[in-house]
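Here are a few friendly notes to read alongside the model. I have set them out as numbered points, so feel free to dip in where you like.

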Amino acid sequence: MARTVRNYYIEEGGAVRRIQVVPEPRRRETDRPRRRKANRTYSKAAKKAEQSKGFDLRYTLVLATMLVMVIISCVIMLAVQGSVESKERKIESIQQEIQDIQADNAAYENKLESMYSLDDIYTIATNELGMVYSQNGSIIYYEDAQDDYVKQYGDVPKTTN
């Protein structure tokens with residue numbers, strides 16, 4: 001197999017590689033005027049490219065303004081992200097406090113429920129406080145025009161009309 005690497009001709013497959021220099025093709029006299037024309041065209045394109053790639057003041061100011069805006073937006077984003085994270089931590093701590101308080105409340109309710117039974121409450125109410133069960137006709141119902149609360153200015157009448 002043979003291949004060309006940069007102006008050298010290498011033949012592979014033998015015990016020793018042989019490198020032969022390939023001579024460059026000779027130039028003809030007729031190629032020179034074309035080349036000059038190509039150089040002129042190239043030089044015009046090169047001059048135009050150099051003029052267009054230069055940094056003028058307006059381009060530099062726009063670029064600097066955009067850079068400042070990007071930096072400011074990054075700083076604002078980081079500040080907002082920090083405040084969001086701190087508020088999330090506060091929310092988590094408050095939720096933990098609520099869970100602790102709810103657990104304490106449930107423990108207190110269990111303690112209160114197991115403290116007195118209904119029989120104990122009945123015994124204390126009848127024996128110590130002198131309370132009695134209501135008899136038939138001892139409960140009086142009446143209508144009130146206001147639904148929010150009732151003020152009692154006198155004794156409740158014994159009979160209803």
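1. Helices and strands are taken here as DSSP runs, with at least four residues for a helix and at least two for a strand, numbered from the N terminus. Counted that way, the chain has three helices and three strands. Along the sequence, they come in the pattern β-β-β-α-α-α.

2. Please keep in mind that this is a predicted model. The mean pLDDT of the chain is 78, and 68% of its residues reach 70 or more. Confidence is highest in helix 2, at 94, and lowest in strand 1 (residues 2-5), where the mean is 52.

3. How much of the chain counts as buried? Of its 161 residues, 1% do. The chain exposes about 16,700 Å², and carbon and sulfur atoms supply 56% of that area.

4. The contacts are worth a look too. Among those in the chain with a separation of 6 or more, residues 24 or more positions apart account for 0%.

5. On the surface you will find a nonpolar patch formed by Leu112, Met115, Tyr116, Leu118, Ile121, Ile124, Leu129 and Met131, with about 860 Å² of accessible area together. Helix 2 (57-115) and helix 3 (118-128) each supply at least two of the patch residues. Which helix gives the most? Helix 3 does, with three residues.

6. One patch member to click on is Ile121, which sits in helix 3. Its relative accessibility is 46%, so Ile121 counts as partly exposed, a class that lies between buried (under 20%) and exposed (over 50%).

Note on methods
Residues are numbered from 1 along each chain as its sequence is written. This is a predicted model: local features need pLDDT of at least 70, side-chain atom pairs count only at pLDDT 80 or more; totals for chains, interfaces and linings use all residues. Side-chain values use heavy atoms; hydrogens and water are left out. Patches are made of residues with over 30% relative accessible area and no salt bridge: like charges are joined within 9 Å, nonpolar side chains (Val, Leu, Ile, Met, Phe, Trp, Tyr) within 5 Å. Accessible areas come from the Shrake-Rupley method with a 1.4 Å probe; for residues, only the protein chains shown count as cover. A salt bridge is a side-chain nitrogen of Lys or Arg within 4 Å of a carboxyl oxygen of Asp or Glu. Buried means under 20% relative accessible area, exposed over 50%, partly exposed in between (1.4 Å probe, protein chains only). Contact means heavy atoms within 4.5 Å. pLDDT is the predictor's confidence in each residue, from 0 to 100.
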